[in-house]
Amino acid sequence: MKAIAAQEVEQLVKKQEQIHILDVREVEEVKTGKIPNALNIPLPLLEFRMHDKAKNYIVVCRSGGRSGMAARFLEQQGYSVTNMTCGIMEWKGETV
């Protein structure tokens, strides 16, 4: 499984790179703040709501555990994914 640090993702966001961030935290967790333009699909709903295998996704959660599980699952389903290690807890950038 590919991995990326929160600081690297923050740089991609600042450069306005074409990235697709998938936040697998629960809705209540996301209310405390999320990475701008991140798509929130809670982990239990992931298999039902993911459809576009043409995109490369960076998966994020609170600490990196759930996003790791999500990344492994999505890889098995044929998606191109990278796990953001340490999760939103390490995110120093802007949140919405």
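**Exercise 1. Charge balance**

Task: In this predicted model, find how many positive and negative side chains the protein has, and how far apart the centres of the two sets lie.

Solution:
- Start with the counts. The protein has 13 positive side chains and 12 negative ones.
- Then place the two centres. They lie 0 Å apart.

**Exercise 2. Fold and dimensions**

Task: Work out what pattern the helices and strands follow along the sequence. Then decide whether the radius of gyration agrees or disagrees with that of a compact globule.

Solution:
- Count the elements. There are four helices and five strands.
- Read them in sequence order. The pattern is β-α-β-α-β-α-β-α-β.
- Take the expected radius. A compact globule of 96 residues would have a radius of gyration near 12 Å.
- Compare. The protein has 12 Å, so the value agrees with a compact globule.
- Add the box. Along the principal axes, the C-alpha atoms fill roughly 30 × 25 × 20 Å.

**Exercise 3. Surface, burial and contact range**

Task: State what share of the residues is buried, and what share of the accessible surface belongs to carbon and sulfur atoms.

Solution:
- Burial: 41% of the 96 residues are buried.
- Surface: the accessible area is about 5600 Å², and carbon and sulfur atoms hold 50% of that area.
- Range: take the contacts between residues at least 6 apart in sequence. Of these, 64% join residues at least 24 apart.

**Exercise 4. The setting of Asn 40**

Task: Is Asn 40 buried or exposed? Which backbone oxygens does its side chain reach?

Solution:
- Locate the residue. Asn 40 sits in strand β3, residues 39–40.
- Check its accessibility. The relative accessible area of Asn 40 is 18%. Buried means under 20%, so Asn 40 is buried.
- Follow the side chain. From Asn 40 it reaches the backbone oxygen of Arg 25 at 2.9 Å. It also reaches the backbone oxygen of Asp 23, at 3.0 Å.
- List the contacts. Setting aside neighbours within four places in sequence, Asn 40 touches Asp 23, Arg 25, Val 27, Val 30 and Arg 49.

**Exercise 5. Two positive phi values**

Task: For Asn 37 and Cys 86, give phi, then say where each residue lies.

Solution:
- Recall the background. Most residues other than glycine have a negative phi.
- Take Asn 37. Its phi is near 70°, a positive value. Asn 37 lies in the loop between α2 (27–30) and β3. With a relative accessibility of 78%, Asn 37 is exposed.
- Take Cys 86. Its phi is positive too, about 70°. Cys 86 lies in the segment after β5 (80–85). Its relative accessibility is 42%, so Cys 86 counts as partly exposed.

Notes. Residues are numbered from 1 along each chain as its sequence is written. This is a predicted model: local features need pLDDT of at least 70, side-chain atom pairs count only at pLDDT 80 or more; totals for chains, interfaces and linings use all residues. Side-chain values use heavy atoms; hydrogens and water are left out. Buried means under 20% relative accessible area, exposed over 50%, partly exposed in between (1.4 Å probe, protein chains only). A polar contact is a pair of N or O atoms within 3.5 Å; within protein, one must be able to donate a hydrogen and the other to accept it, and residues adjacent in sequence count only if both atoms are side-chain atoms. Contact means heavy atoms within 4.5 Å. The radius of gyration is taken over C-alpha atoms; the globule rule is 2.2 Å times the number of residues to the power 0.38. Accessible areas come from the Shrake-Rupley method with a 1.4 Å probe; for residues, only the protein chains shown count as cover. Lys and Arg count as positive and Asp and Glu as negative; His and the chain ends are not counted. The place of a charge is taken as NZ of Lys, CZ of Arg, CG of Asp or CD of Glu.
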